Amino acid sequence: MSESYLRSIPLFQAFDDKQLDVLERILVEQTYPRGHVFMREGDATTSMSSALFVIIEGDVDVASRRPDGGFAVDKTVGRGSILGMIGLLDHGRRSATVSAASSVRAAHLSRHAFMEMYKSKVDLAAKFQFAIAQQLARDIRNLDKMLRDAVLHGDDASIRERFDRSGAE
């Protein structure tokens with residue numbers, strides 16, 4: 001994975017070349033076969049199972065169970081997608097099942113490597129955590145806008161289009 005590739009991902013755009021070089025050495029690239037499960041909805045996130053994944057090539061399916069009367073997240077994401085941000089930071093349960101829809105090449109950052117960054121590269125770790133917080137804030141703002149629009153217009157079609165490929169009620 002190159003610095004230019006990392007820089008093309010919004011999460012990493014604020015990092016300078018030296019920081020990207022360090023991240024490039026910390027992130028571990030691996031190829032996963034079609035069907036590989038990266039995380040399973042409801043599973044506890046432990047120090048051994050938590051990792052952030054950056055999709056380099058291929059597609060992954062993100063799915064969650066349909067709550068009573070609601071709709072489920074059911075989408076496919078690919079190159080440049082970041083998975084596991086929340087799980088990297090806390091020990092909560094996974095909110096979705098993520099599996100490889102094709103052969104996937106991804107780079108991962110384990111919680112252990114992330115915590116080691118705090119020992120040796122405090123400035124980089126703090127910047128990384130701040131970048132994650134900014135991305136999560138953007139995600140929350142986007143979802144908030146979609147929810148407000150749905151309530152104002154009495155129509156959740158835009159939310160369903162964004163999160164539900166199945167179209168089922």
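In the predicted model, R105 is partly exposed, with a relative accessibility of 28%. Its side chain forms a salt bridge with E29, in which the closest N and O atoms lie 3.4 Å apart. Because R105 belongs to strand β8 (residues 104-110) and E29 to strand β1 (residues 28-32), this pair ties together parts that are 76 residues apart in sequence. E29 is likewise partly exposed, at a relative accessible area of 33%.

A search of the whole structure returned 7 salt bridges. Side chains of opposite charge can pair when their charged atoms come close. One such pair is formed by R25 and D21, whose side chains meet at 3.0 Å, N to O. Both residues are located in helix α2 (residues 17-26), where a separation of 4 residues amounts to about one turn of the helix. R25 is exposed, with a relative accessible area of 59%, whereas D21 is partly exposed at 31% relative accessibility.

A further salt bridge links the side chains of K119 and E116, at 3.2 Å from N to O. These two residues lie in helix α4 (residues 111-120) and are 3 residues apart, again about one turn of the helix. An α-helix has 3.6 residues a turn, so residues three or four places apart point the same way. K119 is exposed, at a relative accessible area of 66%, while E116 is partly exposed at 31% relative accessibility. Elsewhere, salt bridges with shared partners join E29, E57 and R105 into one network.

The protein chain as a whole contains 6 helices and 8 strands. Counted from the N terminus, these elements follow the order α-α-β-β-β-β-β-β-α-β-β-α-α-α. Of the 169 residues in the chain, 37% are classed as buried. The accessible surface amounts to about 9,600 Å², and carbon and sulfur atoms account for 53% of it. Among contacts between residues at least 6 apart in sequence, 72% join residues at least 24 apart.

The largest nonpolar core comprises 25 residues, and those with the most contacts inside it are F12, L23, L52 and F128. At least two residues of this core are supplied by each of α1 (3-7), α2, β3, α3 (85-89), β8, α4 and α5. The largest share, 5 residues, is drawn from α5. The surroundings of L52 include I82, L83, G84, M85 and L88, as well as A107, H108 and L109, and L52 also touches F128 and I132. A second, separate core has 15 residues, among them Y32, A51, V60 and V104.

Helix α5 spans residues 122-153 and contains 32 residues. From its first C-alpha to its last, α5 reaches 46 Å, close to the 46 Å expected at 1.5 Å a residue. The buried residues of this helix are L124, A125, F128, A131, I132, Q135, M146 and A150. Helix α5 is followed by G154, which has a positive phi near 65°.

Two further buried positions were examined through their contacts, with residues up to four places away in sequence not counted. S99 is placed in strand β7 (residues 97-100). Because its relative accessibility is 17%, under the 20% cut-off, S99 counts as buried. The residues touched by S99 are G35, H36, V37 and F38, together with V60 and D61. Of these, V60 also appears in the second nonpolar core.

E41, by contrast with S99, is found in a loop, the one between β2 (37-39) and β3 (51-57). The relative accessibility of E41 is 15%, so this residue too falls under 20% and is buried. Contacts of E41 comprise A63, S64 and R65 on the one hand, and R94, S95, A96 and T97 on the other.

Confidence in the prediction averages a pLDDT of 83 over the protein chain, and 88% of the residues score at least 70. The lowest confidence occurs in helix α6 (residues 157-163), with a mean of 68, and the highest in β1, at 95. Strand β1 is also the element that holds E29, the salt-bridge partner of R105 in β8.

Note on methods: Residues numbered from 1 in each chain as written. Predicted model: local features only at pLDDT ≥ 70, side-chain atom pairs only at ≥ 80, totals over all residues. Heavy atoms only, no water. Buried < 20%, exposed > 50% of the residue type's maximum accessible area, 1.4 Å probe, protein only. Contact = heavy atoms within 4.5 Å. Expected span 1.5 Å × (residues − 1). Salt bridge = Lys/Arg side-chain N within 4 Å of Asp/Glu carboxyl O. pLDDT = per-residue confidence, 0-100. Areas by Shrake-Rupley, 256 points an atom, 1.4 Å probe, with all protein chains shown as cover. Core = buried A, V, L, I, M, F, W, Y, C linked by side-chain atoms within 4.5 Å.
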